[in-house]
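Here are a few friendly notes to read with the model open beside you. Take them one point at a time.

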Amino acid sequence: MGQTPFSQNFDVIVVGAGLAGLVAATEAVSAGSRVLLIDQESSANLGAQAHWSFGGIFLVNSPEQRRLGVKDSEELALRDWFSTAGFDREEDYWPREWAKAYVHWAANGKREWLHEHGVRFFPVVGWAERGGAGAQGPGNSVPRFHITWGTGPGLVEPFAQAAHTAQAKGMLKILWRHRLDELIVEGQEIAGVRGHILEPDAAERGVATNRTELAEFEYFAPAVIIATGGIGGNVAKVRDAWPQRLGTPPTRMVSGVPAHVDGRGLDIAHAAGGRLINGDRMWHYTEGIGNWNPVWANHGIRILPGPSSLWLDATGKRLPDPLWPGFDTLGTLEYLRGTGHDYSWFILNRRIIGKEFALSGSEKNPDLTGKDIKGVLARARADVPEPVQAFLDHGEDFVQAETLEELVHKMNELTGESLLDAQEITEVVNARDAAVQNSFGKDGQIAAIHGARHYLGDKLIRTVKPRALTDAKDGPLIAVRLNILTRKSLGGLNTDLSSRVLDASGQPVPGLYAAGEAAGFGGGGYHGYRALEGTFLGGCLFSGRAAGAAAATQSNVLRVKRQ
């Protein structure tokens, strides 16, 4: 077993080299700690899930919002957060405290801190998770989804650079292919980590790697931070955690995260005394499509839809108000699981898909990821953006036709089921189309589209003016089969505001901390039942900062005592 520059002893050990782990490690280094960062994957996976993300960041009352005429405030954001979260459990005490602290940071200092690290934002703020169930219902009252210039890689980059700098100075040691198997406990205190060194693997980022064990390792520190993520890549765990309130888990799901997001770190921390809470709260999307060019097994991509597509369940029934595209993820998931089918449908046309379809993920947005201004302008001018066109050409979930009858035939052919009746769907589409012919009407979705277009950002780049779906000049017609896409765990290790992991009695487990998705992004579930979007990466940043600073403080105190 190889020796580190600090032998086997460190001030802080961080497990997991995703965004939360990188922030925690570099914060601890900044506080003067000697840090070990271990990860079971190879160096190709630095940044983990954050690398693949669209880079959405939740900010409150930002300059970007104000330039677009958006009036926001900490008070409004906190009201939106709590009405969305629906906290209703005794164990939600610390999640509530984390939510209040996070919203305060989002309104006071978060943007400035990111700017100090070189992070910049696309000037148009997105309006994700709009709710639609009234002022006291879930959802964002105003647009708050700030897209990082450079998407996920652009957000990871400054913290990766800080880690490399710390390595060069000898303050940080990163060990890849080191899989945590056990936390070392001495007395009642966490004293280090134990696990196996895995065989090197040259697989590309995101591709599953081997689990061949070469040797054992042990490293010691008075503070260990768990930043190993959630369970989204482990379909068996997702099914086990699936709550009865959402019906039965889908037989078929596509995976929005790599296989290494397996939940092992949670189980190991629990075995060492950490309390896991809110495991039944999950954030899975209903607009998943199979990736025509997959990186990992069962690779799914989420559509970030504008509001105009007609949403039908597997039998052809239109989803009830306000379950329109982009409005209420959890409400839509709950409704669709009640249909007894694992998929649903968008019906739209080429005009709508060209302006209203964005695809989540850094690799599906090469212009934003590459900070290519000309590319962004070219996308805005394009009939259909190239990444979306690729799915039209190759995607297994897409069909196109000139008539509704032909489209429905292809939809039934795609699923191998005859659940859809062309006449019934024609009636649904005609009723919808009739509603756009008049400035008045009772169609809630059409009213919501008009409302969205009052926001300049939506009018410019995210919504089309309502017209008939069957308008020949906007064709061809398109149907997209939508699958359940696994993504985030909203529950996790119960932590206080210092990111200390708590035990079953509510007391800190000495020496144990958690950050990111492993901590439910803070407290063991600071989203509650629902997320407002842009709050996953931000939660990694916020909890990573807290964990790194607190762990460094503890190790510094112990160092002084030893001296």
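1. How much area does the protein chain expose, and what share of it do carbon and sulfur atoms supply? The protein chain exposes about 21500 Å², and 51% of it comes from carbon and sulfur atoms. Accessible areas here come from the Shrake-Rupley method with a 1.4 Å probe.

2. A word on the basis: this is a predicted model, where local features need pLDDT of at least 70 and side-chain atom pairs count only at pLDDT 80 or more, while totals for chains, interfaces and linings use all residues. Residues are numbered from 1 along each chain as its sequence is written, and side-chain values use heavy atoms, leaving out hydrogens and water.

3. Now the overall form. The radius of gyration of the protein chain, taken over C-alpha atoms, is 24 Å, which agrees with the value near 24 Å for a compact globule of 563 residues (the rule is 2.2 Å times the number of residues to the power 0.38).

4. Of the 563 residues, 61% count as buried, meaning under 20% relative accessible area (1.4 Å probe, protein chains only).

5. Look inside next. The largest nonpolar core (buried Ala, Val, Leu, Ile, Met, Phe, Trp, Tyr and Cys residues joined through side-chain atoms within 4.5 Å) has 102 residues. W81, V193, I226 and L541 have the most contacts inside this core. Helix 19 (residues 536-562) gives the most to it, with 10 residues; helices are DSSP runs of H or I, at least four residues, numbered from the N terminus. Another core, of 40 residues, lies apart and includes I301 and F346.

Definitions and conventions: Buried means under 20% relative accessible area, exposed over 50%, partly exposed in between (1.4 Å probe, protein chains only). Helices (H or I, at least four residues) and strands (E, at least two) are DSSP runs, numbered from the N terminus.
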